[in-house]
Amino acid sequence: MFMRRHNQIVDALKDVPLPWTSELLYQEAKRIVTAELQHITYNEFLPRVLGPTIMRQHGLKPTKLYNDSYSGFVDPRTTSGFSVAAYRFGHSLVRNIHNQIGPGGKPIKELLLQDHFDRLDTHMKKFAGGNTEGFARWMKIGRNSKADRTFVDGLQNNLFRCENSSCPRGGGVTKAFDLSALNIQRGRDHGLPSYTKWRYFCTDKMTLTFKSNALGLSDHNPLEAKILENTYKHVDDIDLFSGGMTEKRLPGALVGPTFACLIAKQFSNYKRGDRFFYDRPDPVMAFTRGNNFDTNELKKILTIIPTALTIEHKIQHRRPPSKLELGPGAQEE
Ligand code: HEM
């Protein structure tokens with residue numbers, strides 16, 4: 001979808017009378033798409049995941065004005081706790097049945113999640129009137145699965161399963177994986193400290209027993225605490241993924257305190273450690289503020305409306321690129 005968005009922006013930019021080269025067109029469109037993606041992530045997605053308090057505490061919500069939180073001392077690299085466990089919370093949001101919606105709003109074709117694996121043609125080929133637009137329409141209105149400790153069948157029992165001769169990988173039967181087991185195993189491969197250590201790191205709370213009380217798993221409901229007790233011998237054995245996925249959600253958030261902390265810290269580092277983050281007032285790369293990014297950016301992209309006007313608006317106040325930026329091979333008017 002964002003690849004299409006990129007090409008759409010390139011087409012719009014071509015209409016702006018500037019001495020474009022194909023490299024410049026590519027870079028400028030990439031700059032705009034990156035900014036849109038960052039805006040959607042910090043303005044629309046993260047508030048849903050983290051809730052208002054954590055967003056405020058970590059200064060993650062974009063402001064109307066420029067924001068210069070950049071620091072050359074912030075390390076923007078991805079941490080293991082985030083990639084191997086915390087951000088995989090998203091696996092619980094995945095739905096088992098996907099659909100395509102026609103232009104008139106009617107559902108066209110339901111597909112099981114497992115029928116997508118290794119089958120790009122289900123997205124790309126037009127069938128029964130459906131295609132990428134159909135998926136985009138569905139994504140706009142379809143609801144995600146509940147954020148909880150359970151995964152849908154396609155991820156838990158049928159991940160990458162393929163049982164007929166047309167299986168793309170090797171043309172043979174492939175057994176299924178269980179994504180939650182993979183996530184836990186991957187944490188062990190990476191040598192992640194246990195959940196109790198991460199919880200202490202994030203909340204200063206000690207976890208001494210499996211009980212859901214002040215000395216124990218106080219961020220868990222009794223049922224989830226009991227399940228962990230039945231699974232692990234000692235509280236310090238609890239894997240980060242299992243412990244985090246079973247925490248009670250923070251108000252207005254999709255995750256509990258430990259995952260919220262790890263996700264917020266990571267996105268804060270991505271932003272503060274990025275010299276080219278889109279809302280910086282950098283004299284060379286800054287976007288003009290104002291109507292550049294509205295709060296419905298995601299909806300707009302999902303609807304795939306023509307954007308020539310919007311794009312023109314985005315760049316109309318920008319100066320033409322300098323000779324230096326155009327590069328030695330560039331054509332000038
Ligand atoms: C149909 C949807 C999805 C499928 C089939 C899927 C599948 C997978 C698989 C197979 C892995 C590698 C597991 C391993 O061997 O360690 C993985 C990694 C990961 N997934 Fe998903 N995933 C899906 C959606 C999501 C969503 C919605 C999120 C977050 C919002 C997410 C976050 C991650 C992260 C952070 C990793 C680790 C990436 C890395 O370390 O480089 N995934 N996923």
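Student: How much surface does the chain expose, and which atoms supply 56% of it?
Tutor: The chain exposes about 18500 Å², and carbon and sulfur atoms supply that 56%. Accessible areas use the Shrake-Rupley method with a 1.4 Å probe, and for residues only the protein chains shown count as cover.

Student: What kind of model is this?
Tutor: This is a predicted model, where local features need pLDDT of at least 70, side-chain atom pairs count only at pLDDT 80 or more, and totals for chains, interfaces and linings use all residues. Residues are numbered from 1 along each chain as its sequence is written, and side-chain values use heavy atoms, with hydrogens and water left out.

Student: What is the mean pLDDT of the chain?
Tutor: The mean is 82, with 80% of the residues at 70 or more; pLDDT is the predictor's confidence in each residue, from 0 to 100.

Student: And where does pLDDT stay under 50?
Tutor: Over residues 303–333. Where pLDDT is low, the predicted coordinates should not be read in detail.

Student: Switching to the iron: which residue is its donor from the protein?
Tutor: His 91 is the single one, through NE2, 2.1 Å away from the iron atom of the ligand. Donors are N, O and S atoms within 2.8 Å of the metal (3.2 Å for Na, K and Ca); water is not among the atoms, so sites may look incomplete.

Student: Where is His 91 found?
Tutor: In the loop between helix H3 (80–85) and strand S1 (97–98). Helices (H or I, at least four residues) and strands (E, at least two) are DSSP runs, numbered from the N terminus.

Student: How many helices and strands are in the chain?
Tutor: The chain has 14 helices and two strands.

Terms used: Contact = heavy atoms within 4.5 Å.
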